[in-house]
Amino acid sequence: MTNTTTERPQATAKVRPLNPHPDRLLPADPGVRDLARAIYRSVAGAPIYSPHGHVDAAIIAENRPFGNPAELLITPDHYVTRLIHAHGIGLDQLGVKNPDADPREIWRLFCAHWDVFAGTVVRYWFESELNEVFGITVTPGAQTADQIYDQLSEQLSRADFRPRELFDRFNISVLATTDDPADDLAPHRALAADSSFGGAVIPTFRADRYMSPNLPGWKDALSALATTSGIDTESYAGLIDALRARRAYFKECGATATDTGILDSIAEPLPSAELERIHRAGLAGTATEDDATAYRRNMLYEFAAMSAEDGLVMQLHSGVRRNHHDASFAKYGPDTGHDLPGACDYTNGLRKLLNDFGTNPTFRIVLFTTDEATISQQIAPLAGFYPSVYVGAPWWFIDTPAAITRFRAAATDSAGFNKTSGFIDDTRAYCSIPARHDMSRRVDAAFLANLVATHQLGEDEAHEIAADLVARIPISTFRLDSYAK
């Protein structure tokens with residue numbers, strides 16, 4: 001597709017002011033809205049605990065000025081690029097794997113497609129972000145694109161818009177990143193050693209690419225891990241020893257959690273002889289699909305066993321079909337907008353794992369899904385029995401105001417508030433972090449106000465729960481006690 005800014009008329013050419021309403025997402029009923037306002041205001045300025053995200057720690061450690069508005073806000077954010085692509089714009093036109101793309105033209109494309117985001121959570125985040133972080137007072141559009149771009153560019157050149165300064169302004173207490181076991185974590189160590197930096201940027205151990213011997217790059221990943229750990233990974237036993245060693249290193253660098261994203265959630269251990277056979281076949285390039293599936297399911301069980309030993313909180317994201325469009329994956333690589341949600345089965349798939357570790361006080365697992373039915377039918381009931389299981393916040397395709405409201409009802413019925421994770425922003429879009437957390441606080445305030453209005457909670461208890469949801473609950477769930485303010 002070769003659509004350009006001038007080829008596509010917008011739904012309207014009217015320039016509108018950008019002024020997010022102070023009562024956005026709060027209940028329409030005036031009495032309940034007053035309750036929600038009070039609850040929201042009590043937590044609106046609370047520090048942000050972000051225990052799962054994808055911001056690069058080097059951005060904060062190096063504290064260099066952001067490059068340009070498109071590089072910061074459009075190109076790396078697949079929430080944004082995927083929907084513009086759905087209207088016929090090539091990802092390369094949006095700068096994805098295209099360093100020659102003109103950032104101003106990328107911004108113009110985004111603004112020309114502002115109407116396609118109407119009613120979406122992306123529009124909601126952008127309105128809050130543009131207005132409250134950058135002081136933009138007109139909505140994006142073809143007529144305002146250059147004006148907004150120039151204002152953003154001027155601000156991004158200023159010292160008070162560098163990453164660390166924004167970290168302080170956003171009132172972030174903890175920001176967790178997502179990191180490969182072979183990473184040296186130099187940015188995390190530098191920030192931890194810097195007495196002038198008041199927050200915490202902590203790593204999260206993500207070992208997905210070591211789980212399946214038929215994945216592209218598996219052998220290279222093993223080699224990198226061997227080099228970093230100093231442990232031979234030519235055997236399955238060696239790989240497990242290397243992963244254990246790196247988990248210990250991650251803990252030394254501040255990690256409190258791991259993360260795993262897989263298509264299915266089945267965890268089944270295999271005999272060591274069979275694992276060594278499959279490992280050798282993977283190195284030789286002869287592992288079958290069945291071999292790879294068995295190996296991956298064993299690795300999921302192995303990761304749980306490690307968490308039961310070292311106490312790193314295990315996060316599990318299941319049921320997403322990665323890289324759905326083959327041609328886009330071949331050209332642009334992963335995380336470019338065509339991962340799609342599906343169903344998962346935690347109740348049956350994790351039965352062996354939870355029978356072995358579900359009542360172990362050291363073990364903790366937070367379960368996420370993009371399938372809303374799974375929350376009420378599987379995850380919340382599991383969390384309502386197993387001490388180790390926690391309900392992960394709405395993630396990815398369901399991290400929207402309406403879905404978060406449905407989540408609260410679904411999860412609370414079976415598990416209560418205290419077995420949920422606290423909000424997860426799960427973002428690469430650094431400047432959207434406060435908008436995402438503020439959205440969650442507003443939705444939770446509305447939910448709690450309705451419980452008060454229907455005499456299911458007292459007002460004082462609703463205020464206590466709201467405070468717990470933004471601080472005590474994520475701190476406790478992700479074992480962030482040493483970082484609590």
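Are Asp264 and Arg296 buried or exposed? Asp264 is buried, and Arg296 is buried too. This report starts from that pair and then visits other parts of the chain. The model is a predicted one.

## Salt bridges

The side chains of Asp264 and Arg296 meet in a salt bridge, 2.6 Å from N to O. This pair links distant parts of the chain, with the two positions 32 residues apart in numbering terms: they are 32 residues apart. Asp264 sits in the loop between β5 (257-262) and α12 (272-284). Arg296 belongs to helix α13 (residues 289-310).

How many salt bridges does a search of the whole structure find? The search finds 32. Three of them are set out here.

| Acidic residue | Basic residue | N to O distance |
|---|---|---|
| Glu105 | Arg108 | 2.4 Å |
| Glu154 | Arg158 | 3.7 Å |
| Asp264 | Arg296 | 2.6 Å |

Take Glu105 and Arg108. Both lie in helix α5 (residues 103-112). They are three residues apart, which is about one turn of the helix. Glu105 has a relative accessibility of 33%, so it counts as partly exposed. Arg108 is also partly exposed, because its relative accessible area is 25%. Partly exposed covers the range between under 20% (buried) and over 50% (exposed).

Glu105 and Arg108 have further partners. Arg104, Glu105, Arg108, Asp146 and Asp150 are linked in a network of salt bridges.

Now take Glu154 and Arg158. Glu154 has a relative accessible area of 41%, so it is partly exposed. Arg158, with 31%, is partly exposed as well.

## A negative patch

Which residues form a negative surface patch? They are Glu459, Asp460, Glu461 and Glu464. One of them, Glu461, is placed in helix α20 (residues 459-470). Its relative accessible area is 38%, so Glu461 is partly exposed.

## An enclosed helix

Helix α6 covers residues 121-132. This helix has twelve residues. From its first C-alpha to its last, α6 reaches 16 Å. That is close to the 16 Å expected at 1.5 Å a residue.

Why is α6 described as largely enclosed by the rest of the structure? Ten of its twelve residues are buried, so the rest of the structure largely encloses it. The buried residues include the aromatic side chains of Tyr124, Trp125 and Phe126. Charged residues are on the list too, namely Arg123 and Glu129. The others are Val121, Val122, Ser128, Leu130 and Asn131.

## Two positive phi values

Most residues other than glycine have a negative phi. Two loop residues go the other way.

Asn63 has a phi near 55°, a positive value in a residue other than glycine. Asn63 lies in the loop between α2 (57-62) and α3 (69-73). With a relative accessibility of 14%, Asn63 counts as buried.

Leu185 has a positive phi as well, near 60°. Its loop runs between β2 (172-176) and α9 (186-193). Is Leu185 buried or exposed? Leu185 is buried, because its relative accessible area is 2%.

## Sequence and space

Positions along the chain can be set beside positions in space. Three pairs show this.

Arg169 is found in helix α8 (residues 163-169). Arg169 and Pro434 are 265 residues apart along the chain. Their C-alpha atoms are separated by 9.5 Å. At 40% relative accessibility, Arg169 counts as partly exposed.

Ala484 is found in the segment after α21 (472-477). Ala484 and Ala471 are 13 residues apart along the chain, and 8.1 Å separates their C-alpha atoms. Ala484 has a relative accessibility of 39%, so it counts as partly exposed.

Where does Asp426 lie? Asp426 lies in the loop between α18 (401-415) and α19 (433-453). Its relative accessible area is 10%, so Asp426 is buried. Asp426 and Leu222 are 204 residues apart in sequence. From C-alpha to C-alpha, they are 27 Å apart in space.

Technical notes: Residues are numbered from 1 along each chain as its sequence is written. This is a predicted model: local features need pLDDT of at least 70, side-chain atom pairs count only at pLDDT 80 or more; totals for chains, interfaces and linings use all residues. Side-chain values use heavy atoms; hydrogens and water are left out. Patches are made of residues with over 30% relative accessible area and no salt bridge: like charges are joined within 9 Å, nonpolar side chains (Val, Leu, Ile, Met, Phe, Trp, Tyr) within 5 Å. Accessible areas come from the Shrake-Rupley method with a 1.4 Å probe; for residues, only the protein chains shown count as cover. A salt bridge is a side-chain nitrogen of Lys or Arg within 4 Å of a carboxyl oxygen of Asp or Glu. Lys and Arg count as positive and Asp and Glu as negative; His and the chain ends are not counted. The place of a charge is taken as NZ of Lys, CZ of Arg, CG of Asp or CD of Glu. Helices (H or I, at least four residues) and strands (E, at least two) are DSSP runs, numbered from the N terminus. Buried means under 20% relative accessible area, exposed over 50%, partly exposed in between (1.4 Å probe, protein chains only). The expected span of a helix is 1.5 Å times one less than its number of residues.
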